[in-house]
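The exercises below are meant to be worked through with the sequence and the coordinates side by side. Please try each task before reading its solution.

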Amino acid sequence: MTRALVTLCARIALAFALTASLAAAKTLPYDPAIVTLQGTLVSGDGMTPDGVKLKFPAIRLTEPIAVPQDEPRDWPAEHGLVLLHMALGDKTMAAFKRLKGKPVKVTGTLFHADNGNHQTSVLVFPVSITPVK
């Protein structure tokens, strides 16, 4: 085989693998349903509406998720989500700081971004953050 053909075959295989992983994403409902996510707590890189760089609390999921459309609230379906901005209260912010960089389970509700301060298209409002052992 020529080098170009090998490269083309490798690209096609990668595209199929990516499509399969997105299609296999677990579908979770928006708020008010309570969901549990697994991943690692990280500081995401974001930007304020006026262009100032910032860090935001996030969970990088172990596996991608999807959420279906929510017509009454005009929230669109989203697919292949691997990073979620976390809307934290005092208790969950303390847990985030203590467990940042570690694998965790986050239990809470999902909602769609609705303003320029939201750094990902879907966010999670955690009610608990617990370490995974």
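A residue counts as buried when its relative accessible area is under 20%, as exposed when that area is over 50%, and as partly exposed in between. The model used throughout is a predicted one.

**Exercise 1. Decide whether D70 is buried or exposed, and describe its surroundings.**

Step 1. Begin with the position along the chain: D70 belongs to the loop between strand 3 and strand 4, the latter covering residues 78-86.

Step 2. Apply the cut-off: because its relative accessible area is 13%, D70 is buried.

Step 3. Look for partners, setting aside the neighbours within four places in sequence; D70 is then in contact with Y30, D31 and W75.

Step 4. Turn to the side chain, where a polar contact of 2.6 Å links D70 to the side chain of R73.

**Exercise 2. Work out where H112 sits and which residues it touches.**

Step 1. H112 is placed in strand 5, which covers residues 103-112.

Step 2. Its relative accessibility is 11%, and therefore H112 counts as buried.

Step 3. When residues up to four places away in sequence are not counted, H112 touches Y30, W75, P76, E78, S121, V122 and L123.

Step 4. With one of these residues, E78, the contact is also polar, since the side chains of H112 and E78 meet at 2.8 Å.

Step 5. Finally, compare sequence with space: H112 and R73 are 39 residues apart along the chain, while their C-alpha atoms are separated by 9.4 Å.

**Exercise 3. Decide whether D50 is buried or exposed, and find its polar contact.**

Step 1. D50 is found in the loop that connects strand 2 (35-47) with strand 3 (53-67).

Step 2. The relative accessible area of D50 is 63%, so this residue is exposed.

Step 3. The side chain of D50 is joined to the side chain of T48 by a polar contact of 2.3 Å.

Step 4. For a view across the sequence, take D50 and N117, which are 67 residues apart in the chain but have C-alpha atoms 9.9 Å apart in space.

**Exercise 4. Describe the largest pocket: its space, its lining and the strands that supply the lining.**

Step 1. The space in the largest pocket comes to about 210 Å³.

Step 2. Its lining is made of K26, L28, T36, L37, Q38, L61, T62, E63, P64 and I65.

Step 3. Sorted by character, these lining residues fall into 5 nonpolar, 3 polar and 2 charged.

Step 4. At least two lining residues come from each of strand 2 and strand 3, and strand 3 gives the most, with 5 residues.

**Exercise 5. Summarise the whole chain and say how confident the prediction is.**

Step 1. Count the elements: the protein chain has 2 helices and 6 strands, and from the N terminus on they follow the order α-β-β-β-β-α-β-β.

Step 2. Consider burial over the whole chain, where 32% of the 133 residues count as buried.

Step 3. Among contacts between residues at least 6 apart in sequence, 63% join residues that are at least 24 apart.

Step 4. As for confidence, the chain averages a pLDDT of 88, and 82% of the residues score at least 70. Over residues 17-22, however, the pLDDT is below 50, and this stretch has 2 contacts in the model beyond near neighbours in sequence.

How values were computed: Residues are numbered from 1 along each chain as its sequence is written. This is a predicted model: local features need pLDDT of at least 70, side-chain atom pairs count only at pLDDT 80 or more; totals for chains, interfaces and linings use all residues. Side-chain values use heavy atoms; hydrogens and water are left out. Helices (H or I, at least four residues) and strands (E, at least two) are DSSP runs, numbered from the N terminus. Buried means under 20% relative accessible area, exposed over 50%, partly exposed in between (1.4 Å probe, protein chains only). A polar contact is a pair of N or O atoms within 3.5 Å; within protein, one must be able to donate a hydrogen and the other to accept it, and residues adjacent in sequence count only if both atoms are side-chain atoms. On a 1 Å grid over the protein atoms alone, a cavity is a set of points where a 1.4 Å probe fits but cannot get out, and a pocket is an open set with protein on both sides within 12 Å along at least five of seven lines; lining residues have an atom within 4 Å of a point. Grid points are joined across faces, edges and corners, and a volume is the space filled by probe spheres set on the points. Ala, Val, Leu, Ile, Met, Phe, Trp, Tyr, Cys and Pro count as nonpolar, Asp, Glu, Lys and Arg as charged, and the others, Gly among them, as polar. pLDDT is the predictor's confidence in each residue, from 0 to 100. Contact means heavy atoms within 4.5 Å.
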